[in-house]
Amino acid sequence: MQSIAIPTSSSGNNAPLTLSGTASSEGSIVPSVDGRYLTVAGYGVAPGTASIAGTASSTVNRVVARIDANASIDITTKLSDASTGNNIRGAVTNDGTAFWVSGAAGGVRYSTLGATTSTQYQQRLRIVA
(Lines give C-alpha, C1' and ligand atoms only; values in the text may rest on other atoms or scores of the structure.)
Protein backbone atom coordinates (compact mmCIF):
# COMPACT_ATOMS: atom_id res chain seq x y z
CA MET A 1 0.00 0.00 0.00
CA GLN A 2 1.20 3.52 -0.74
CA SER A 3 0.02 7.08 -0.30
CA ILE A 4 -0.22 9.27 -3.36
CA ALA A 5 -0.35 13.05 -3.07
CA ILE A 6 -2.91 14.60 -5.43
CA PRO A 7 -1.57 17.82 -7.01
CA THR A 8 -3.09 20.98 -5.54
CA SER A 9 -1.50 23.36 -8.05
CA SER A 10 -1.20 23.37 -11.86
CA SER A 11 1.79 21.64 -13.41
CA GLY A 12 2.17 21.59 -17.20
CA ASN A 13 -1.16 20.47 -18.68
CA ASN A 14 -2.29 19.02 -15.34
CA ALA A 15 -4.84 20.96 -13.33
CA PRO A 16 -4.92 20.93 -9.55
CA LEU A 17 -7.59 18.82 -7.90
CA THR A 18 -9.46 19.70 -4.74
CA LEU A 19 -12.81 18.90 -3.14
CA SER A 20 -15.25 21.26 -1.46
CA GLY A 21 -14.46 19.94 1.99
CA THR A 22 -18.12 20.15 2.98
CA ALA A 23 -19.88 17.50 0.88
CA SER A 24 -19.68 13.83 1.80
CA SER A 25 -20.95 12.97 -1.70
CA GLU A 26 -17.62 13.98 -3.30
CA GLY A 27 -14.27 12.25 -3.56
CA SER A 28 -15.14 8.66 -4.40
CA ILE A 29 -12.11 6.80 -5.73
CA VAL A 30 -13.16 4.22 -8.30
CA PRO A 31 -11.10 1.48 -10.01
CA SER A 32 -11.36 1.18 -13.79
CA VAL A 33 -13.12 -1.84 -15.28
CA ASP A 34 -9.79 -3.15 -16.65
CA GLY A 35 -8.11 -2.69 -13.24
CA ARG A 36 -5.31 -0.40 -14.50
CA TYR A 37 -6.48 2.95 -13.11
CA LEU A 38 -8.20 4.75 -10.28
CA THR A 39 -10.36 7.78 -10.97
CA VAL A 40 -11.53 10.64 -8.80
CA ALA A 41 -13.42 13.79 -9.78
CA GLY A 42 -13.08 17.22 -8.23
CA TYR A 43 -12.53 20.90 -8.90
CA GLY A 44 -9.61 22.39 -10.84
CA VAL A 45 -8.55 24.98 -8.25
CA ALA A 46 -6.29 25.18 -5.22
CA PRO A 47 -7.65 24.09 -1.83
CA GLY A 48 -9.46 26.71 0.23
CA THR A 49 -11.58 28.15 -2.56
CA ALA A 50 -14.79 29.29 -0.87
CA SER A 51 -18.20 27.93 -1.95
CA ILE A 52 -16.56 25.92 -4.71
CA ALA A 53 -19.54 23.66 -5.44
CA GLY A 54 -21.68 26.67 -6.35
CA THR A 55 -19.29 27.96 -9.00
CA ALA A 56 -19.89 27.76 -12.73
CA SER A 57 -17.87 24.95 -14.30
CA SER A 58 -16.76 27.38 -17.03
CA THR A 59 -15.01 29.38 -14.29
CA VAL A 60 -13.92 26.49 -12.06
CA ASN A 61 -13.55 23.42 -14.25
CA ARG A 62 -14.69 20.06 -12.95
CA VAL A 63 -11.69 17.75 -13.36
CA VAL A 64 -11.03 14.02 -13.54
CA ALA A 65 -7.84 12.51 -12.13
CA ARG A 66 -6.65 9.22 -13.62
CA ILE A 67 -4.07 7.46 -11.46
CA ASP A 68 -2.07 4.46 -12.67
CA ALA A 69 -0.21 1.70 -10.77
CA ASN A 70 3.04 3.71 -10.92
CA ALA A 71 1.33 6.61 -9.09
CA SER A 72 1.34 8.73 -12.25
CA ILE A 73 -1.54 11.18 -12.11
CA ASP A 74 -3.17 12.65 -15.21
CA ILE A 75 -5.47 15.61 -14.55
CA THR A 76 -5.74 16.89 -18.12
CA THR A 77 -9.50 16.30 -18.31
CA LYS A 78 -10.87 19.74 -17.35
CA LEU A 79 -14.58 20.01 -18.04
CA SER A 80 -16.15 23.43 -18.53
CA ASP A 81 -19.70 22.07 -18.83
CA ALA A 82 -20.13 19.42 -16.13
CA SER A 83 -22.12 19.91 -12.94
CA THR A 84 -22.12 23.68 -13.19
CA GLY A 85 -23.34 25.41 -10.04
CA ASN A 86 -23.28 22.22 -8.00
CA ASN A 87 -21.17 19.31 -6.71
CA ILE A 88 -19.19 17.02 -8.95
CA ARG A 89 -19.68 13.54 -7.50
CA GLY A 90 -17.53 11.00 -9.29
CA ALA A 91 -16.00 9.58 -12.45
CA VAL A 92 -15.66 6.05 -13.81
CA THR A 93 -13.77 4.59 -16.76
CA ASN A 94 -13.44 1.30 -18.61
CA ASP A 95 -9.81 1.71 -19.66
CA GLY A 96 -8.60 5.23 -18.79
CA THR A 97 -9.39 6.78 -22.18
CA ALA A 98 -13.00 7.85 -21.62
CA PHE A 99 -14.99 8.83 -18.55
CA TRP A 100 -18.57 8.95 -17.34
CA VAL A 101 -18.85 11.80 -14.84
CA SER A 102 -21.71 12.34 -12.43
CA GLY A 103 -22.75 15.41 -10.52
CA ALA A 104 -25.56 17.00 -8.58
CA ALA A 105 -26.42 19.06 -11.67
CA GLY A 106 -26.47 17.84 -15.24
CA GLY A 107 -26.72 14.13 -14.53
CA VAL A 108 -24.22 11.75 -16.15
CA ARG A 109 -21.86 13.12 -18.79
CA TYR A 110 -19.38 11.41 -21.13
CA SER A 111 -15.92 12.72 -21.95
CA THR A 112 -12.49 11.56 -23.10
CA LEU A 113 -9.04 11.88 -21.57
CA GLY A 114 -7.73 15.44 -21.96
CA ALA A 115 -11.08 16.89 -23.07
CA THR A 116 -12.47 20.25 -21.99
CA THR A 117 -16.14 19.51 -22.69
CA SER A 118 -18.49 16.58 -22.23
CA THR A 119 -21.71 15.20 -23.67
CA GLN A 120 -24.92 14.61 -21.73
CA TYR A 121 -25.33 10.85 -21.48
CA GLN A 122 -28.84 9.58 -22.01
CA GLN A 123 -29.60 5.94 -21.60
CA ARG A 124 -32.86 4.58 -22.83
CA LEU A 125 -34.34 1.77 -20.81
CA ARG A 126 -36.56 -0.86 -22.31
CA ILE A 127 -38.70 -2.78 -19.88
CA VAL A 128 -39.82 -6.17 -21.08
CA ALA A 129 -42.75 -7.77 -19.30
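User: A polar contact is a pair of N or O atoms within 3.5 Å; within protein, one must be able to donate a hydrogen and the other to accept it. This is a predicted model. Which residue's backbone oxygen does the side chain of Thr55 reach?

Analyst: Thr55 sits in the loop between β2 and β3. Its side chain comes to 2.7 Å from a backbone oxygen. That is within the 3.5 Å cut-off for a polar contact. The oxygen belongs to Ile52.

User: Is Thr55 buried or exposed?

Analyst: Leaving aside neighbours within four places in sequence, Thr55 is in contact with Val60, Arg62, Thr84, Gly85 and Asn86. Its relative accessible area is 17%. Buried means under 20%. Therefore Thr55 counts as buried.

User: What is the order of the open sheet that holds β1?

Analyst: This open sheet has four strands, with antiparallel pairing. β1 (30-31) and β4 stand at its edges, each with a single partner strand, so one side of each has no neighbour in the sheet. The order is β1-β2-β3-β4.

User: How many bridges join strand β2 to β3?

Analyst: Strand β2 covers residues 37-43 and runs antiparallel to β3. One of the pairings sets Leu38 opposite Ile67 in β3. The number of bridges joining these two strands is seven.

User: How many bridges join β3 to β4?

Analyst: β3 and β4 run antiparallel. Ile67 has a bridge partner in β4, namely Ile73. Ile67 is also the bridge partner of Leu38. For β3 and β4, the number of bridges is five.

User: How many of the seven residues of β3 are buried?

Analyst: β3 is largely enclosed by the rest of the structure. That follows because, of its seven residues, the buried ones number six.

User: Which residue in the turn of the β3 and β4 hairpin has a positive phi?

Analyst: The hairpin leaves four residues between β3 (62-68) and β4 (73-79). One residue in that turn has a positive phi of about 70°, although it is not a glycine. Its relative accessible area is 26%, so it is partly exposed. The residue is Ala71.

User: What is the phi of Ser83, which is not a glycine?

Analyst: Ser83 lies in the loop between β4 and β5. It is buried, with a relative accessible area of 3%. Ser83 is not a glycine, yet its phi is positive, at about 50°.

User: Which strands stand at the edges of the sheet that includes β8?

Analyst: A second open sheet of four strands has the order β5-β6-β7-β8, with antiparallel pairing. Two of its strands have a single partner strand each, so one side of each is left without a neighbour in the sheet. Those strands are β5 and β8.

User: In β6, what is the bridge partner of Ala91?

Analyst: β5 and β6 (residues 98-103) run antiparallel. Four bridges join them. Ala91 pairs across to β6, where its partner is Val101.

User: How far apart in space are Ile88 and Gly42, C-alpha to C-alpha?

Analyst: Ile88 lies in strand β5 (residues 88-92) and is buried, at 1% relative accessible area. Beyond four places in sequence, its contacts include Ala41, Gly42, Tyr43, Ser83 and Val101. Ile88 and Gly42 are 46 residues apart in sequence. In space, their C-alpha atoms are separated by 6.2 Å.

User: How many salt bridges does the structure hold?

Analyst: Side chains of opposite charge can pair when their charged atoms come close. Arg36 forms a salt bridge with Asp34, with the closest N and O atoms 3.4 Å apart. Asp81 and Arg109 meet in another, at 3.5 Å. The number of salt bridges is two.

User: How many residues apart are Asp81 and Arg109?

Analyst: The salt bridge joins the side chains of Asp81 and Arg109. The pair links distant parts of the chain: Asp81 is in the loop between β4 and β5, and Arg109 is in strand β7. Asp81 is partly exposed at 25% relative accessibility, whereas Arg109 is buried at 12%. Their separation in sequence is 28 residues.

User: What is the area of the nonpolar surface patch made by Val108, Tyr110 and Tyr121?

Analyst: Val108 lies in strand β7 (residues 108-112). It is partly exposed, at 33% relative accessibility. A patch takes residues with over 30%, so Val108 passes that cut-off. Together with Tyr110 and Tyr121, Val108 makes a nonpolar patch of about 240 Å².

Conventions: Residues numbered from 1 in each chain as written. Predicted model: local features only at pLDDT ≥ 70, side-chain atom pairs only at ≥ 80, totals over all residues. Heavy atoms only, no water. Buried < 20%, exposed > 50% of the residue type's maximum accessible area, 1.4 Å probe, protein only. Contact = heavy atoms within 4.5 Å. Pairing = 2+ DSSP bridges. Patch = residues over 30% accessible without salt bridge, like charges linked within 9 Å, V, L, I, M, F, W, Y side chains within 5 Å. Areas by Shrake-Rupley, 256 points an atom, 1.4 Å probe, with all protein chains shown as cover. Salt bridge = Lys/Arg side-chain N within 4 Å of Asp/Glu carboxyl O.
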